Amino acid sequence: MRAAEAREAGFRRETKGMHIMSDYRAVLSCRLAGKVSADDDICRAYDHDLGEMPGVLLGLFRRRPSCVVLPKSAEDVREALRTASEHDIPVTPRGQASSGYGGAMPVRGGLVVDFARMNRVLAVDAEHGFADVEPGVVWTDLAERLAEDGLDLRLCPTSGPSSTVGGWFAMGGSGIGSLMFGGIDQAVSEIDAVGPDGELRTISSREELALWCGSAGILGCVTRLRLVCRPLEPLRHAALHLHSAKDLARLLEEAEGMAAYSGTLLSAGYLALQAEAAGGKAPVDAGFLLNLTFFERKYDRAALEALALRHGARLLPDETAGHEWAERFHPMRIKRGGPALLCGEISLPAKNFDRLQALATRLLGRDRIGFEAFCGRGGEMAVLVYIPDSNRDALSLFRMGKAMVPLHLARPLGGRVYSAGLWFNCQSARVFGREHYRRLLKKKRLDDPRNLMNPGKICGAGRHFAFCRALSLGIWFGTLCALPLSMLLKARPVRLAPAGAHAPAAANVSIKED
């Protein structure tokens, strides 16, 4: 008899005739010894993510889980979800919780499945260009491992040193490399996933993979991902100074035609904030900096100079481009200088970026504002709008509405909220597209009729989800009504600290193994 079966049998003998088995935590502790904790201090560390929201809103959503599991294998995940299903316990999957959309918040308490221990690279196939990984693998760690076999990542989020492969797949979206390769959905060719009933399936059809990508774990837990990789090869970088974003869409279309691998657009305002935080000098003091990355074999300096000339841009020294590439994993590095940074994140057609930038700058003209955008294939952009602020006074609650200005402005310009998660589940149909959302909702209701998998996120049914949807609608329309007041209140940023002034590190939370 296997050790796990022996522990289970012994536990049942010891508790025969008792009601302790009705507590799912006791069952889990028996089935997954050394991987479960119901300690109150540990559970408290799992009731939030990295997003900053007003305390009054967090108080409505925030629930402490009653138990945390750190599985080490797909079989552990099966046991966890099977036990939760047997006892009608809601389950919240969790990676690094580095997103700010509430996707990893256990709004109904219950069980949190933390994938921190499932962080192995299972296989690398250099001949066919793919890697099988567990969901807890950190992106930059994976890149180092792939380099040993002459491979590299097609895509990577800008939070690569901290976020996990499974977490970004669950959130969806684009990042470094998306100008050539599209979103994360294009980089995953197969997954293993455990459904709400505890059954493990391998999924490789593009249609079903599309449903799982960006679904925030509402369909189940992914235990393995097969990533399509690219050959490891040298890169070259170029930086263009644009006086305006008027011709941006055409410029990016031409850059895509020149086989640009990645593109990032930074406004002069953002560069000033970045330089202030780092104690340096911004490379430009007006307009925008467009950073383009090419594979060395595709790099053509003469073609780049002609591209810049056609669009009234100026090609900057290679050192500037190299510096920005070296800093690519720190898109929110300006945050280290203060206790709060208002941030709105949207997906938008590049052809409308200049209109969004002009409107947001005019409406938020009393504040310092910075734009950072990641260029995707086909003229799409992921845009972040930053406003330094302080959360140390009573009016900060009302000023937080400033972060919603770009989100509301983007809607009539063909844009949308970057991700739905918890806070914007009322925008899910627009985030995914109505047809995709309809299929996702149908699958959710069919596979998880009790709405146990990550309830409150994206879509669902029942009174618990109705409550979350109502609060999301309240956030959306409430901030729309409060925008005039938000814009009247000037942000009150603290002095940005130069590089080297770091905040205290967060305490590590761990579950000791037997």
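**Exercise 1.** In which helix is the place of L485? Find this helix, and then decide whether L485 is buried, partly exposed or exposed.

*Solution.* The model is a predicted one, in which local features need pLDDT of at least 70 and side-chain atom pairs count only at pLDDT 80 or more, while totals for chains, interfaces and linings use all residues. Residues are numbered from 1 along each chain as its sequence is written, and side-chain values use heavy atoms, with hydrogens and water left out.

Step 1. L485 has its place in helix α19 (residues 463-488), where helices are DSSP runs of H or I with at least four residues, strands are runs of E with at least two, and both are numbered from the N terminus.

Step 2. Buried means under 20% relative accessible area, exposed means over 50%, and partly exposed lies in between (1.4 Å probe, protein chains only). Because its relative accessibility is 41%, L485 counts as partly exposed.

**Exercise 2.** Describe how the rings of Y270 and Y386 are arranged, and locate both residues in the chain.

*Solution.* Step 1. A search of the whole structure finds nine aromatic pairs, a pair being two rings of Phe, Tyr or Trp (its six-membered ring) with centres within 6.5 Å, counted as stacked if the planes are under 30 degrees apart, edge-to-face if over 60, and tilted for the rest.

Step 2. The ring centres of Y270 and Y386 are 5.5 Å apart and the planes stand at 35°, so this pair is tilted.

Step 3. Y270 belongs to helix α11 (residues 268-278) and Y386 to strand β17 (residues 380-389), so that the pair links distant parts of the chain, 116 residues apart.

Step 4. Y270 is buried, with a relative accessible area of 0%, and Y386 is buried with a value of 0%.

**Exercise 3.** Which residue forms a salt bridge with D152? Find the partner, and then work out where the two residues lie.

*Solution.* Step 1. Side chains of opposite charge can pair when their charged atoms come close. A salt bridge is counted when a side-chain nitrogen of Lys or Arg is within 4 Å of a carboxyl oxygen of Asp or Glu, and the structure holds 32 salt bridges.

Step 2. The partner of D152 is R230, with the closest N and O atoms 3.1 Å apart.

Step 3. D152 lies in strand β7 (residues 151-153) and R230 in strand β10 (residues 221-231), 78 residues apart.

Step 4. Both D152 and R230 are buried.
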